[in-house]
Amino acid sequence: MEIRQPVAVKLVLTEATKQQIIQEQRRQIEQVINELEQLETQGKEALAQAMAQSGEFAQQVRQQIENEKNTREQRREELFQQMQQIQQMELGTEIQNMTVETMVSVKPGDDWTKVLLGAEIIVRDGIIQEIRQNGQKIEG
């Protein structure tokens with residue numbers, strides 16, 4: 001029987017990978033800051049229009065704007081903390097990057113606990129360095 005199994009893709013942290021991740025996080029932080037600025041501008045306009053209609057409607061609009069701002073501020077803070085964690089990590093550390101799926105054959109008599117260990121793909125500077133299945137290195 002074939003079953004789908006998640007495969008963890010891990011990056012080996014090198015100086016190049018570290019700088020790439022930090023640069024991407026900075027880009028995302030800048031994007032969130034731009035969204036906050038845009039929200040501020042659009043929010044003032046929307047609030048002015050809402051106040052012209054009714055005080056209750058204006059309060060709903062104000063609350064919606066605040067919720068959107070809070071969401072983006074939380075995202076900015078998360079990205080900032082992730083960036084600090086990456087900066088502090090030692091080179092050579094394996095970090096989870098993504099998960100992909102593969103098909104795995106199982107049959108009666110297989111050790112289910114080994115199947116559950118899953119697989120990992122280890123990538124260093126964009127090159128697959130190692131594939132592990134059931135916790136064991138697979139020779140290519």
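Accessible areas here come from the Shrake-Rupley method with a 1.4 Å probe. On that basis, the protein, a predicted model, exposes about 10,100 Å², with carbon and sulfur atoms supplying 49% of this area. Buried residues account for 26% of the 140 residues.

The overall fold is a pleasant place to begin. Three helices and five strands make up the secondary structure of the protein, and their order from the N terminus is β-α-α-β-α-β-β-β. How does the radius of gyration compare with that of a compact globule of 140 residues? A globule of that kind would come out near 14 Å, whereas the protein has 23 Å. The spans of the C-alpha trace along the principal axes add to this picture, at about 70 × 40 × 20 Å. Sequence separation offers another view of the fold: of the contacts between residues at least 6 apart in sequence, 75% join residues at least 24 apart. As for charge, the protein carries 16 positive and 23 negative charges, and the mean positions of the two sets are 2 Å apart.

Two residues invite a closer look, beginning with Thr 14. This residue sits in the loop that runs between strand E1 (2–12) and helix H1 (15–53). Is Thr 14 buried or exposed? Its relative accessible area is 10%, and buried means under 20%, so Thr 14 counts as buried. The side chain of Thr 14 also makes a polar contact, at 2.9 Å, with the side chain of Thr 17. Once residues up to four places away in sequence are set aside, Thr 14 touches Leu 91, Arg 124 and Asp 125.

Arg 75 belongs to a helix, namely H2 (residues 55–88). Why does Arg 75 count as partly exposed? The relative accessibility of Arg 75 is 33%, and the partly exposed class lies between the buried limit of under 20% and the exposed limit of over 50%, so this residue falls in the partly exposed class. Which residues does Arg 75 contact, leaving aside neighbours within four places in sequence? The partners are Gln 28 and Val 32. Along the chain, Arg 75 and Gln 63 are 12 residues apart, and their C-alpha atoms are separated by 18 Å.

Taken together, the two sites read as follows. Thr 14, in the loop between E1 and H1, is buried, while Arg 75, in helix H2, is partly exposed.

Technical notes
Residues are numbered from 1 along each chain as its sequence is written. This is a predicted model: local features need pLDDT of at least 70, side-chain atom pairs count only at pLDDT 80 or more; totals for chains, interfaces and linings use all residues. Side-chain values use heavy atoms; hydrogens and water are left out. Helices (H or I, at least four residues) and strands (E, at least two) are DSSP runs, numbered from the N terminus. Buried means under 20% relative accessible area, exposed over 50%, partly exposed in between (1.4 Å probe, protein chains only). A polar contact is a pair of N or O atoms within 3.5 Å; within protein, one must be able to donate a hydrogen and the other to accept it, and residues adjacent in sequence count only if both atoms are side-chain atoms. Contact means heavy atoms within 4.5 Å. The radius of gyration is taken over C-alpha atoms; the globule rule is 2.2 Å times the number of residues to the power 0.38. Lys and Arg count as positive and Asp and Glu as negative; His and the chain ends are not counted. The place of a charge is taken as NZ of Lys, CZ of Arg, CG of Asp or CD of Glu.
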